[in-house]
Amino acid sequence: MERYLCIHGHFYQPPRENPWLEAVELQDSAFPYHDWNERLTAECYAPNATARVLDNEGRIVDIVNNYSRISFNFGPTLLAWMGENAPDVLAAIVDADKQSRERFSGHGSAVAQAYNHTILPLSNRRDKVTQVLWGIRDFEHRFGRKPEGLWLPECAADTESLDVLAELGIQFTILSPFQASKVRRMGEVDWQDVNGGRIDPSRPYRVNLPSGRNIAVFFYDGPVAKAVAFEQLLNDGAGFAHRLMDGYDDGRDWAQLMHIATDGESYGHHHRYGEMALAFALNHIETNKLARLTNYGEFLEKHPPTHEAQIHENSAWSCSHGVERWHKDCGCNSGGRPGWDQRWRQPLRDALDWLRDQVAPAFEAKAKEFFKDPWQARNEYIAVILDRSDEGVARFFQQQAGRKLSDEEQVSCLRLLELQRHAMLMFTSCGWFFDELSGLETVQVIQYAGRVLQLAQNALEQNLEPGFLDRLAKARSNLAEHRDGRHIYEKFVKPAIMDREKLGAHFAVSSLFESYGDKARIYKFTFEQQERRLFEAGKAQLIVGRSKVTFETTRASDVLSYAALHFGDHNVNGGVRFFRGPEAFQELVTEFSDAFSRADFPQVIRLMDRHFGESNYSLKYLFRDEQRKILQQILASTGEDLESRYRQITDQYTPLMRFLKDIGAPLPSALKTAAVFILNTDLRRKFQEDDPDPDRLRALSEKAQTDNAELNRDELGYAIKAHMDRRLERLTATPDDVALLTRTAEIAEIVRAMGLEVNLWKTQNLFFQLLNRVVPLQRERAGRGDATAETWLRQFAKLGDQLGFKVNGFNG
């Protein structure tokens, strides 16, 4: 009988956006990347779109899109981030789904996912419907087709959740073998007990539901999936392929499906180069015809269920206790923290459940003033989330509102619906998955709750914060300094809560360092300058102005007056208040300008206090990215001063350092520090040039090796990566430029000799495009005796060799 193979990757990151800015802020823990989404994209999501296939010598022989040959799902909130921050990667994922339809009998490999990864068995039916519906609509928006299957977050399942999937047109889902309870052949009476993961994973099963509907379930191969995740199986592509083939049983007399499901991040992030092991295994199995690659949709069409199954209610793939991990101290945790407990999980969920249930009836009552059906409006709000244009919002209100709404009423409606969106985001599963209440993911869900509290106050006039904090205080941290949930809220959430005054302060302070136009966009906020005065006295600057700020998500807007004073270093003082009319604003301008013109800075500070009161801000209150950017500007002059001093020391004492080296004497640490700093600086500067002199680069590189200098690998590696990417981009734009190609090959040779580990992923991708697009043309020219084409092919082969490609035959 035929052998089929399907590998499913669950690619997901929790939503990380600041609930008020609707953007992911700088996360230092993800260094050298901006944030964890960016890091995971660089280490996993992008590499799987261009996975390297290596030969026995470790040279690149092909680059393939893994997604087109596996089954996969991506979290909708991750794809939304990707659409704005990595559109090329998203395009490759969508294109892979199109390729898979051609490969797998019209069935795409992409699978939908419940929207923001909530544990559906712990949700009420109304939230289950919205989560699944939003996941389906997001999928249709991204992939241009209806999904056949849907991934349940953490594979968490109960009968009601499966029924919601079936009701909304989903044909199949994927579960752990340990979630199966009983099976039987269709038409038979007796059930077979398959507890403990003993179900045969080689076929799909039908689960019949009380509603009369049914859904197909694929229970994946548990041991092999576990080996991928925890047993280093991805260290060797050949070993991975062999283990997959061991999953078949010659004793089966039906078409066998060998399939596994794992975190997609296993392929590149959790296991470095895991995407290459996956590519090698698939290539090896397909090339040697050991099994036929397929996806779940195709296999289900060709081999519909012959058996039915019953599942364990409230079960999941990552908790052996059911779904306890997401509301109880069940013993499941990340490990490595003896003495810690997770008793905080239950009071955290209790607090969030209470908050959800408090706002729900108030939302329904208020929303009935505007919508024909408030909960149907919530379901359809996904259309606005996916298209927040004026046309998209107008279309939504035209379809859902019971009457024509004023601008103010539309603002109220959008606030109500944003309240509901955040009331679901606060149940994102990662808030309970890890070990500590003060962890990044748990603070994130509490921040979503903070946004719900703010919107409940603004849209419903409900002050729910005291009751919420009383319940949250019952959640105890494992860390003494964080105490409990109330303290964590006050420490991490309260300062992050954003209002338009804080936004105005950010605009005021940052405008001393940024040249904003008449209309500026900062995150999801639009600032329209109405008046702006800038005064300067030496290094000191004063700015006074007024601006209209609009939150694009809710369309709410206000006009703010502001002033900000910069003394020329990191000392900045700014204030903001709501606009009180032209006369009050003119008085503000006059008083500030008079005091500043006399250089009476103490008086300017007193005016700040008088006009703005407690609404007084410094660099500490800026959004993290802008704060870091401004600090870099301020520190730039410090860096220049340090470089000047180090260079003076190096130039003055170079003869002495050479003498000490000649006689084998140790170099004083102060001199060594100065010399290494200057060497790293010079190397970095060279790679920042568009076309550095190779001889100078080679000399600096050789000096580093001769002096055994400690290179700044992160900083220098980033500069080299950026330089090589730029060179290949230019070469892609002008592929016939032999001089550019020759110089690029020479610099690549120098880079390789430096022995640094540089991420040349993009450079290699561009080279591979040239290999497929331009090499055939150059070979044709060379075959006709074109000497320039022969030179081009030789230099291209040299470049490929330095970039790690198998280059036999490139030069014709």
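**Exercise 1. Locate Tyr-523 and say how its backbone and its accessibility are described.**

*Solution.* Start with the place: Tyr-523 sits in the loop between β15 (519-522) and β16 (525-537). Strands here are DSSP runs of E with at least two residues, helices are runs of H or I with at least four residues, and both are numbered from the N terminus. This is a predicted model, in which local features need pLDDT of at least 70 and side-chain atom pairs count only at pLDDT 80 or more, while totals for chains, interfaces and linings use all residues. Residues are numbered from 1 along each chain as its sequence is written, and side-chain values use heavy atoms, with hydrogens and water left out.

Next, the backbone: Tyr-523 has a positive phi of about 55° although it is not a glycine. For background, most residues other than glycine have a negative phi, and most peptide bonds are trans.

Last, the accessibility: at 23% relative accessibility, Tyr-523 counts as partly exposed. The scale has buried under 20% relative accessible area, exposed over 50% and partly exposed in between, with a 1.4 Å probe and protein chains only.

**Exercise 2. Describe Arg-483 by phi, place and accessibility.**

*Solution.* Begin with phi: Arg-483, not a glycine, has a positive value of about 55°. Then find its place, which is the loop between α17 (465-472) and α18 (485-493). Finally, Arg-483 has 48% relative accessibility and so counts as partly exposed.

**Exercise 3. Which residues does a cis peptide bond join?**

*Solution.* The bond joins Phe-31 and Pro-32, with omega about 10°. Now place the proline: Pro-32 is in the loop between β1 and α1.

**Exercise 4. Work out how α23 and α25 are arranged and what their contact is made of.**

*Solution.* First take the axes, which are lines fitted to C-alpha atoms over the stretch in contact, with angles from 0 to 180 degrees between N-to-C directions. The axes of α23 (residues 669-688) and α25 (residues 713-733) come within 8 Å and cross at roughly 15°.

Second, classify the angle. Angles under 35 degrees count as roughly parallel, over 145 as roughly antiparallel, 65 to 115 as roughly perpendicular and the rest as oblique. The two helices, α23 and α25, are therefore roughly parallel to each other.

Third, take the hand: α23 passes α25 in a left-handed crossing, where the near helix is turned anticlockwise from the far one by less than a right angle.

Fourth, list the partners. Contact means heavy atoms within 4.5 Å. From α23 come Asn-680, Leu-683, Arg-684, Phe-687 and Gln-688, which meet Glu-715, Leu-716, Ala-719, Ile-720, His-723 and Arg-726 in α25. Sorted by type, the residues of this contact are five nonpolar, three polar and three charged. Ala, Val, Leu, Ile, Met, Phe, Trp, Tyr, Cys and Pro count as nonpolar, Asp, Glu, Lys and Arg as charged, and the others, Gly among them, as polar.

**Exercise 5. Repeat the analysis for α27 and α28.**

*Solution.* The axes of α27 (residues 761-773) and α28 (residues 775-783) come within 4 Å and cross at roughly 45°. These two helices, α27 and α28, are therefore oblique to each other. On the α27 side the contact uses Leu-770, Leu-771, Asn-772 and Arg-773, and on the α28 side Val-775, Pro-776 and Leu-777. Those residues divide into five nonpolar, one polar and one charged.

**Exercise 6. Which residues touch the most other members of the largest nonpolar core?**

*Solution.* A nonpolar core is a set of buried Ala, Val, Leu, Ile, Met, Phe, Trp, Tyr and Cys residues joined through side-chain atoms within 4.5 Å. Of the 96 residues in the largest one, Leu-355, Phe-371, Met-426, Ile-446, Phe-468 and Tyr-489 touch the most other members. Helix α16 (residues 440-460) gives the largest share of this core, 11 residues.

Now zoom in on two of them. Ile-446 is found in α16 and is buried, with a relative accessible area of 0%. Leaving aside neighbours within four places in sequence, Ile-446 is in contact with Leu-348, Leu-437, Leu-472, Ile-488, Tyr-489 and Val-493. With the same neighbours set aside, contacts of Phe-468 include Trp-354, Leu-355, Leu-453 and Tyr-489.
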